[in-house]
Amino acid sequence: MTEVGFVGLGKMGAPMAARLVRAGHLVRGYDPVDAARAALTAAGGTAVDSATAAAAEVVVLMLPDSDVVEAVLFDGGLAAALPEGALVVDMSSSAPTRTQAVADRLATLGVALVDAPVSGGVGGAVAGTLTIMLGGDDAAASRAADVIGALGSVRHVGPVGAGHALKALNNLLSATHLWATSEAVLIGERFGLDPATMLEAINTSSGRSGSTQKKWPDFVLPGTFDSGFSLALMLKDMRIASDLGHRLGMPVELGDAAVQRWAEARESLPADADHTEIVRWLRDAAAARSR
Ligand code: NAD
């Protein structure tokens, strides 16, 4: 049993913290949203009233991005409140080069950091079936895995920053797949094909992806657009991946085209739109073109 601090009890953090409680850990969690803290208490954890009060030997962060991670750790004082030898597990989808800088800064305080972003969505967080992409040195990685193993399957993918790089690249692919799938299905629909029939055939063919196997069937066809992952956070991840490619002098042609289209959608949709709303937006754009 480990005492675990948990900061960021949002759509992902809430079910993840609840799973850590069920795995037998003593979880002290913080989120500025009252309802999020109340949900942790209802799940058997202890809600605290500041991020610094969540300081513990192991602290999990599940925050929107690097800006918030740095603000919580350094401006908010969590890093200074951690005991020497503590471990910070950043499960947010942060920017890898910033994560490396955060790790260096924490090291001067005697605190280790691993990056451990996840894939699998809210459903995976609830079920404990997340894919966890862990970046860090061997000792810190194995210490983290003992705690976060309860959340899904852990892959140690490289040194600090490797997990965040891989996660952003995964999401650039995922977003590009969703855009490409949507163009293809909408073209087929205009030709007279039934989208559900198309997806069934594609899902046993070479064009399949997470978008044809999950996003379209579960969130688009029923018209619910409620995956639980916002378009703003997806665009953030795409930009991290594109920025990484440019820093490394690599071509990011398809990726940048996708970033541009998703950024246009972000401008015209509500701030809290689900990322699957991109399909509705593409469909509306196609309808406007044919008028
Ligand atoms: P969310 O917006 O639902 O949750 C973020 C939480 O952080 C909110 O509850 C917010 O109140 C809290 N927060 C913001 N500022 C804070 C601060 N200063 N101190 C403490 N808490 C603060 O987002 P989410 O969907 O849970 O995503 C969290 C991270 O996980 C993001 O990096 C996202 O990209 C990534 N992610 C999300 C999904 C998904 O399906 N939603 C899947 C994989 C990865």
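Author: A residue counts as near a molecule if one of its heavy atoms lies within 4 Å of it. This is a predicted model, in which local features need pLDDT of at least 70 and side-chain atom pairs count only at pLDDT 80 or more, whereas totals for chains, interfaces and linings use all residues. Residues are numbered from 1 along each chain as its sequence is written, and side-chain values use heavy atoms, with hydrogens and water left out.

Reader: How many residues surround the ligand, and which are the closest?

Author: The ligand is surrounded by 26 residues, with Lys11, Met12, Asp31, Pro64 and Lys236 the closest.

Reader: What makes the pairing of Lys236 with the ligand a polar contact?

Author: A polar contact is a pair of N or O atoms within 3.5 Å, and a polar side-chain atom of Lys236 lies 2.9 Å from a ligand oxygen atom, so the pair qualifies. Of the ligand's 830 Å² of accessible area on its own (Shrake-Rupley method, 1.4 Å probe), the protein covers 84%.

Reader: Why is the ligand said to lie between domain 1 and domain 2?

Author: Domain bounds come from an automatic or database domain assignment; because domain 1 (3–158) and domain 2 (165–289) both give residues to the shell around the ligand, the ligand lies between them. By class, that shell has 15 nonpolar, six polar and five charged residues, with Gly counted among the polar ones.

Technical notes: A polar contact is a pair of N or O atoms within 3.5 Å; within protein, one must be able to donate a hydrogen and the other to accept it, and residues adjacent in sequence count only if both atoms are side-chain atoms.
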